[in-house]
Amino acid sequence: MGKVTGFLEIDRQDQKYQPASDRIRHFREFTLRLTDHEVKQQAARCMDCGIPYCHGDTGCPVHNQIPDWNDLVYSSDWQEASRNLHSTNNFPEFTGRICPAPCEEACTLNLENVPVAIKSVEQTIADKGWENGWIKPEVPTVKTGKKVAVVGSGPAGLAAAQQLARAGHDVHVYEREPKAGGLLRYGIPDFKMEKHLIDRRVAQIEAEGATFHYGVDIGRTLPVDELIAGHDAVLLTAGAEDPRDPKLPGVELEGVHYAMPFLVQQNRRVGREEVTEEPIIATGRRIVVIGGGDTASDCVGTAFRQGALAVTQLDIRPMPPLREDKLNVWPYWPTKFRTSSSQAEGAEREFACATLRVVGKNGKVTGVECARVDEKRRPIEGTEFIIRADLVFVAIGFAGPKKEGLVAELGPELDRRGNVKADTERYATSVDKVYVAGDMRRGQSLVVWAIREGRQAAHAIDKDLMGATSLAW
């Protein structure tokens, strides 16, 4: 905890944003950081709540010791706070920026709608750790002689690679793209997290002994059998990239795209990578985004920065309440009305809205036909209407890992949702020597869950290879 009476004396204060009119003119991060004094004040609000739900499975998948580092920040021991934070989370500067903060929803002070600003404190600790040179490579003193492959370099793969390298294994990370990061780099826009943060972590992991191989697509450019034969263990962390099929008439029209190609292209442009596909540009166009989640919101923010004329977001769910019923929901993640920074930049939002079909003329999209829905999300006859559109982005989630290539050649057992099957003790697949973690195992999820699974999978692999492990998870 922080100050005993801090929660009574100090109001909640969180990071603010640049005005929307300013931030839509660039792709950089736009949060206005709190001062060190303000962060200490927020850490001081952490109370002696008895059961800190913020750092159990309810509030933090990686089990960050939030009350402990809040107290350290309040005491101005930033270096020890950084050490404590990194003992559970390999990449707190990532989660401090893009995690939706279930820890704050689980905070006892959230019963009064004024939770501790945990996310801002976490980001500040991590950033201060880098600024002061406290975050350094942890090079193992002894090598095990074991060789481990990690397929995919998203947050699960990076976390696992770092943990396994620190255990002394010869770690090789195989990445299909030209740079590491997975959806951290190519899916999440720079205005939410700039990519030099990933580059800095990759350099640290390389210094700890891991080797990154880029442009390698397992199952295509490198056979799966060859990969398995050349390593003592193989960890699959290739994500859940297969978009959910909307089964929507008209999706074949020119101007209708899944969300990820749009986001990936823009991230490549910002990262000064070549875009070889047909450009998808929102400049001067009317945009309709189908879906109500984070990916849909990222499409909204990206479209505004490209100069879209208007953006409308469609959500089949009813408009949620402004406040949740605390006694029925807390400390779990509640369904309530939320407005992302991208939505606040000028998006029109349609709730309880079913997408019936995409309409067009001469093979090009001209609009989206919608209808209101009842409580069972069935279209209500007579409520149909059309929203004009020059571009339509489908952002309704992912159906699991792509089956062609790696999964098809490897042939592991899949679960009923189409993910690669494994438990959360050993993370072992049905194929000998092959393990799986992150979205490829659990399905589409949060970055913080990917980090947790990468750490736990590394723990399991080290234990299987060596008979025991000292890796924390």
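Start by selecting Asn84: leaving aside its neighbours within four places in sequence, it is in contact with Gln65, Asp68, Trp69 and Leu72 (contact means heavy atoms within 4.5 Å). Before you click on, note that this is a predicted model, where local features need pLDDT of at least 70 and side-chain atom pairs count only at pLDDT 80 or more, while totals for chains, interfaces and linings use all residues. Residues are numbered from 1 along each chain as its sequence is written, and side-chain values use heavy atoms, with hydrogens and water left out.

**Around Asn84**

Stay on Asn84, which sits in helix α5. (Helices are DSSP runs of H or I with at least four residues, strands are E runs of at least two, and both are numbered from the N terminus.) Is Asn84 buried or exposed? Asn84 is buried, at a relative accessible area of 7%; buried means under 20%, exposed over 50% and partly exposed in between, using a 1.4 Å probe and protein chains only. Now add Trp69: its C-alpha lies 6.6 Å from that of Asn84, with their positions 15 residues apart along the chain.

Widen the selection to α5, residues 78–86, and colour its buried residues: Trp78, Ala81, Ser82, Asn84, Leu85 and His86. Those residues pack against α3 (36–44), α4 (66–74), α6 (92–98), α8 (118–131), α11 (196–207) and α18 (447–466).

Next, pick Asp77, in the loop between α4 and α5. Asp77 is partly exposed, with a relative accessible area of 34%. Want a long distance line on screen? Draw one from Asp77 to Glu384: C-alpha to C-alpha they are 60 Å apart, and 307 residues apart in sequence.

**Two helix pairs**

Show α3 and α8 together. Their axes are 10 Å apart and the packing angle is about 135 degrees (axes are lines fitted to C-alpha atoms, for helices over the stretch in contact, and angles run from 0 to 180 degrees between N-to-C directions). That makes α3 oblique to α8; under 35 degrees counts as roughly parallel, over 145 as roughly antiparallel, 65 to 115 as roughly perpendicular, and the rest as oblique. The crossing is left-handed, meaning the near helix is turned anticlockwise from the far one by less than a right angle, whereas clockwise would be right-handed. Turn on side chains to see Asp36, Val39, Gln42 and Ala43 of α3 meeting Val121, Thr124 and Lys128 of α8.

Then switch to α9 (155–166) and α11. Here the angle is about 25 degrees and the axes lie 9 Å apart, which makes α9 roughly parallel to α11. This crossing is left-handed too. On the α9 side, select Leu158, Ala161, Gln162 and Arg166; on the α11 side, Val202, Gln204 and Ile205.

**Into the cores**

Which residues touch the most other members of the largest nonpolar core? Val171, Leu184 and Phe212 do, in a core of 41 residues. A nonpolar core is a set of buried Ala, Val, Leu, Ile, Met, Phe, Trp, Tyr and Cys residues joined through side-chain atoms within 4.5 Å. The largest share of this core, eight residues, comes from α18.

Zoom in on Val171. Not counting residues up to four places away in sequence, Val171 touches Val148, Val150, Ala161, Leu164, Ala165, Gly209, Ala210 and Thr211.

For the last stop, move to another core that lies apart from this one: it has 22 residues, including Met260, Ile287, Ala296 and Phe304.
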